[in-house]
Amino acid sequence: MKKFYSFSSTEYLDIKESQDIVGIRGKRLMDLASLGAPILPGFMFPNDTVEEITKNPNDAKKFFIEPLSKIERLLNKSYNDEKNPLLIKVVESPQLNMIHAFSIHNIGLCEKTIGGFVNFVGAEFGYHEYRNVLIKLIELEKKTGIDEGREKKIDKFHERLKASKKQKAVKETIEEFKNLYPKEIYTNAYDQLYYIIELFHNFFKTSSSNVDSALLFQAMTFGNYGEESYFGSCYTRNIITGEGEISGEFFVNAFDSTETKGKSIGKIDQEYLKNLKQLSSEIEKHFKEIRQIRFTVENGMFWVIDQIPVTNKSLQAEMKTMLDLHSMDAVDDKFVINAIKPGRLAEILHTIMDMKSAEKISNVKGGIAGAVGAAVGRVYFTTDKLLKAYKRASQTNQDTSVILVMPATFAEDVKGIEVAKGVLSSEGGYASHAPVVARSLGKVALVFPDIQFQKDSIKIGNRIIKEGDYLSINVPYYEIPTIYFGKVDLIKPSIEGSGLLEYLDIVQRNIGDDFDVHANADQPKDAELSKLFKAQGIGLCRTEHMFFHEQRINTFRSMIIAGDKKERDKSLAKLKEMQVADFYKLFKIMEGLPVTIRLLDAPLHEFLPHTKETMDAFIKFMKSKYPKLTTDEIRLRSDMLKEFNPMLGHRGIRIAISYPEIYNMQVRAIFEAAYSLKKEGVDVKPEIMIPLVMSANEIKTIRNGKKIEGKSILGIRDIEEDVRKIFDSEPLEYKVGTMIELPAAALQADSIARYAEFFSFGTNDLTQTTNGLSRDDFNSFFTDYNEFDLLENNPFKVLGDQVKELIKLASERGKLTRPDITMGLCGEHGAEPANIPFARSAGLNYVSCSPYGIPIAKLAIAQMNVGENEEE
């Protein structure tokens with residue numbers, strides 16, 4: 001092994017094993033040198049050389065002569081020179097990638113050389129740097145395991161040096177404590193350098209992680225060394241937008257960025273700018289990521305100090321870097337796909353916070369992430385007040401940004417979540433009403449259990465927030481959510497210009513036909529966004545969400561509290577017109593792709609008013625339609641629909657058995673919309689999903705119909721035939737299937753598959769019914785279970801083993817009866833990357849999730865696929 005390894009823009013160690021010799025810092029410099037970058041010259045002492053030097057102190061100087069002379073020739077300076085001294089830094093270069101490797105800068109400053117240095121940079125700066133050499137020398141000695149008495153003495157020297165800011169004070173302090181160190185370190189640069197190497201050697205022996213470290217020696221240059229001297233730094237591209245132009249600042253005649261006001265890097269001398277642009281391109285290709293370059297110009301000579309990874313780059317910038325590198329064939333599909341964690345895509349899909357603007361705003365951390373993103377707005381504690389404030393702000397051209405803050409939300413609050421920037425609740429968890437609705441609408445949601453609701457305000461920690469006050473909510477994917485007590489600036493996403501769609505092109509190429517992603521979409525805008533994200537169909541259209549609009553909700557309410565069938569049919573006729581239009585739009589947008597429409601599932605009482613204001617408005621509506629109806633009668637009918645356990649009560653297929661006309665209306669609307677489009681030449685693929693089935697007889701009845709004495713249920717098959725005759729059309733291909741969300745259904749999957757052409761696993765309810773857990777109340781004790789390691793993950797986010805077993809069992813049994821059955825997973829688990837491998841291994845064909853979860857799920861699938869291809 002050589003005694004030393006020099007490096008410069010033309011000389012470097014070019015072997016893969018270089019890190020074993022010169023450590024990770026040395027390897028980084030060798031990489032930069034290999035690109036031809038004008039790096040400051042230097043040399044490396046391997047650990048063996050450091051050991052040898054300390055064993056033979058009398059011969060130490062001979063180790064320095066040759067490597068130092070190379071640096072001297074390149075910089076036109078001399079080490080230990082009185083007039084224009086060469087100064088160097090020494091940096092530990094460990095084998096491991098340590099965050100803080102110890103370093104000492106400006107070694108060579110001593111009584112002999114300080115005068116020459118001061119002539120270039122000024123007395124105050126010169127002595128400030130001399131002081132720093134001694135401060136770092138003391139800190140290094142303290143790492144070597146000295147005795148307590150010695151430590152107390154040098155601590156005092158250290159303390160006094162740090163307090164000495166001016167030239168005179170520095171000189172006086174050094175003189176006072178001079179006898180603590182050999183006089184040679186103050187008078188001779190070579191002796192000073194040897195002494196520091198000896199300290200590093202002693203330090204290495206004290207730690208197992210440092211014992212094999214090398215030492216890096218590199219020349220120092222200064223941006224304040226004369227008129228044509230600069231300090232500067234730049235990024236290889238814009239770290240926010242990802243645009244390919246370098247961005248940064250330079251500082252004229254300044255040592256660093258603190259001394260003068262910076263100028264845009266674009267205004268620097270064209271020769272230097274050309275060098276930086278070329279170097280930026282080469283560095284990105286080599287390191288395959290955005291990097292920051294720090295440089296100096298000393299008396300007209302351009303030097304790169306170092307290049308480092310950029311931790312605060314946006315996902316958009318990272319993605320555009322990957323795409324540019326891919327277009328140049330610098331990276332392949334696999335690299336691009338694995339470069340980004342799936343959950344991070346949420347940053348580009350949702351508004352994010354400008355963290356610089358949040359630095360001085362007080363905040364509190366915690367809570368359960370319901371829907372990722374960032375939201376800023378004035379807070380309101382009821383939907384009615386929020387909507388009024390929003391309307392008032394719109395009419396007066398004021399800020400319309402509002403946040404809904406409630407203990408929990410219900411069906412009637414959807415319209416509030418829709419206009420709000422985000423929703424903050426205190427009850428429930430990831431799979432409760434507010435987060436589920438927020439995710440479907442692309443809004444931000446946070447469940448923060450510690451909110452105290454008071455009469456006209458809320459209390460979070462020690463802060464009181466009144467209605468109309470600003471709050472900012474930050475809900476990242478991988479980090480802890482934060483509530484800021486004030487207004488923080490936001491960075492809005494731009495999907496079309498972000499690179500996401502181009503990135504998804506690469507992702508989609510690595511997704512096979514056997515397993516992909518569908519969308520949970522109820523509105524045309526959801527369907528359009530889903531198609532933009534390459535969803536292979538709609539896996540779940542929650543029809544109950546279509547009735548929440550303020551123009552529809554009271555009509556729907558009048559239907560569910562109708563006094564008789566005639567009265568109900570009157571409301572259903574109006575609702576059918578709405579549903580035909582709804583389904584027509586969805587089918588048309590998703591032309592050629594399957595659209596799975598779930599018939600009404602939610603408990604009927606969920607649609608009824610939950611506040612005095614909404615109940616008063618509903619009573620007024622009912623009296624306008626039915627003048628003879630009394631207030632007491634309206635309230636009585638509403639109260640009669642209340643249930644003790646509604647999630648296991650009168651919902652889903654059970655409504656169809658009690659009130660067949662409701663499902664009949666929806667099925668007829670589906671086929672009228674489908675046959676209208678078929679007549680127009682549009683390829684429509686409707687799939688009708690029947691929810692909450694627990695036996696084969698239930699789905700058989702709804703699919704085929706059933707008659708008993710005095711009563712009958714018209715089957716889906718009969719309704720389709722009737723609509724087909726009206727449209728005088730050839731038969732339309734359609735499927736009827738069910739949502740498997742009860743253990744009973746999973747266990748009877750073989751029987752149910754006789755009447756179901758597809759299964760959709762509703763894992764939210766399947767998790768509830770399998771484990772006996774309420775998704776709205778579970779978080780009140782989840783932390784206790786988590787603390788005692790009784791539950792590794794939130795079962796409403798990551799599928800539990802028991803639920804997996806039921807899915808696998810249902811999949812196997814369903815295929816025994818119907819080998820070509822299609823199966824998907826449409827619960828909130830669908831967008832969680834941790835669930836993707838299981839879903840495919842269980843024989844499912846797709847996962848379905850909210851539009852904003854589609855890119856996340858697709859990337860997880862692609863990463864799984866490229867990983868498997870590599871193993872093969």
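The buried residues of helix α19 pack against α20, α21 (612-625) and α24 (660-679) in this predicted model. Helix α19 covers residues 553-560 and is mostly covered, with 8 of its 8 residues buried. These buried residues are Ile 553, Asn 554, Thr 555, Phe 556, Arg 557, Ser 558, Met 559 and Ile 560.

**Salt bridges around α20**

Two of the helices that α19 packs against, α20 and α24, are also joined by a pair of charged side chains. Glu 661 and Arg 568 meet in a salt bridge, with 3.1 Å from N to O. Glu 661 belongs to helix α24 and Arg 568 to helix α20, so that the pair links distant parts of the chain, 93 residues apart. Both Glu 661 and Arg 568 are buried.

Helix α20 also holds Glu 567, whose salt bridge partner is Arg 637, with the closest N and O atoms 3.2 Å apart. Because Glu 567 lies in helix α20 and Arg 637 in helix α22 (residues 631-640), this pair ties together parts that are 70 residues apart in sequence. Glu 567 counts as buried because its relative accessibility is 15%. Arg 637 is buried as well, with a relative accessible area of 15%.

A further salt bridge joins Asp 616 and Arg 635, where the closest N and O atoms are 3.8 Å apart. Asp 616 lies in helix α21 and Arg 635 in helix α22, so the pair ties together parts that are 19 residues apart in sequence. Asp 616 has 33% relative accessibility and therefore counts as partly exposed. Arg 635, at 36% relative accessibility, likewise counts as partly exposed.

The three pairs are set out below.

| Salt bridge | N to O distance |
|---|---|
| Glu 661 and Arg 568 | 3.1 Å |
| Glu 567 and Arg 637 | 3.2 Å |
| Asp 616 and Arg 635 | 3.8 Å |

Elsewhere, Glu 544, Arg 598, Asp 601, Arg 651, Glu 741 and Asp 765 are linked in a network of salt bridges. For the chain, the count comes to 41 salt bridges.

**Surface patches**

Helix α20 contributes to the surface too. Lys 566, Lys 570, Lys 574 and Lys 625 gather there in a patch of positive charge. The largest share of this patch, 3 residues, comes from helix α20 (residues 565-589). An α-helix has 3.6 residues a turn, so residues three or four places apart point the same way. Lys 566 is placed in helix α20. With 71% relative accessibility, Lys 566 counts as exposed, because the cut-off for that class is over 50%.

A nonpolar patch on the surface is formed by Tyr 785, Phe 788 and Leu 790, which together have about 360 Å² of accessible area. Leu 790 sits in the loop between α30 (779-787) and α31 (801-817). Leu 790 is exposed, with a relative accessible area of 54%.

**A buried serine in α10**

Ser 280 is found in helix α10, which runs over residues 270-287. Its relative accessibility is 2%, so Ser 280 counts as buried. Apart from neighbours within four places in sequence, Ser 280 is in contact with Thr 236, Ile 246 and Ile 293.

**The chain as a whole**

The chain has 33 helices and 35 strands. Its C-alpha trace spans about 115 × 60 × 55 Å along the principal axes. The chain has 872 residues, and 56% of them count as buried. Among contacts in the chain with a separation of 6 or more, residues 24 or more positions apart account for 69%.

The accessible surface of the chain comes to about 38,100 Å², and carbon and sulfur atoms hold 48% of that area. The chain carries 114 positive and 124 negative charges, and the mean positions of the two sets are 4 Å apart.

Notes. Residues numbered from 1 in each chain as written. Predicted model: local features only at pLDDT ≥ 70, side-chain atom pairs only at ≥ 80, totals over all residues. Heavy atoms only, no water. Patch = residues over 30% accessible without salt bridge, like charges linked within 9 Å, V, L, I, M, F, W, Y side chains within 5 Å. Areas by Shrake-Rupley, 256 points an atom, 1.4 Å probe, with all protein chains shown as cover. Salt bridge = Lys/Arg side-chain N within 4 Å of Asp/Glu carboxyl O. Lys, Arg positive; Asp, Glu negative; His and termini not counted. Charge placed at Lys NZ, Arg CZ, Asp CG, Glu CD. Helix = DSSP H or I, 4+ residues; strand = E, 2+ residues; numbered from the N terminus. Buried < 20%, exposed > 50% of the residue type's maximum accessible area, 1.4 Å probe, protein only. Contact = heavy atoms within 4.5 Å.
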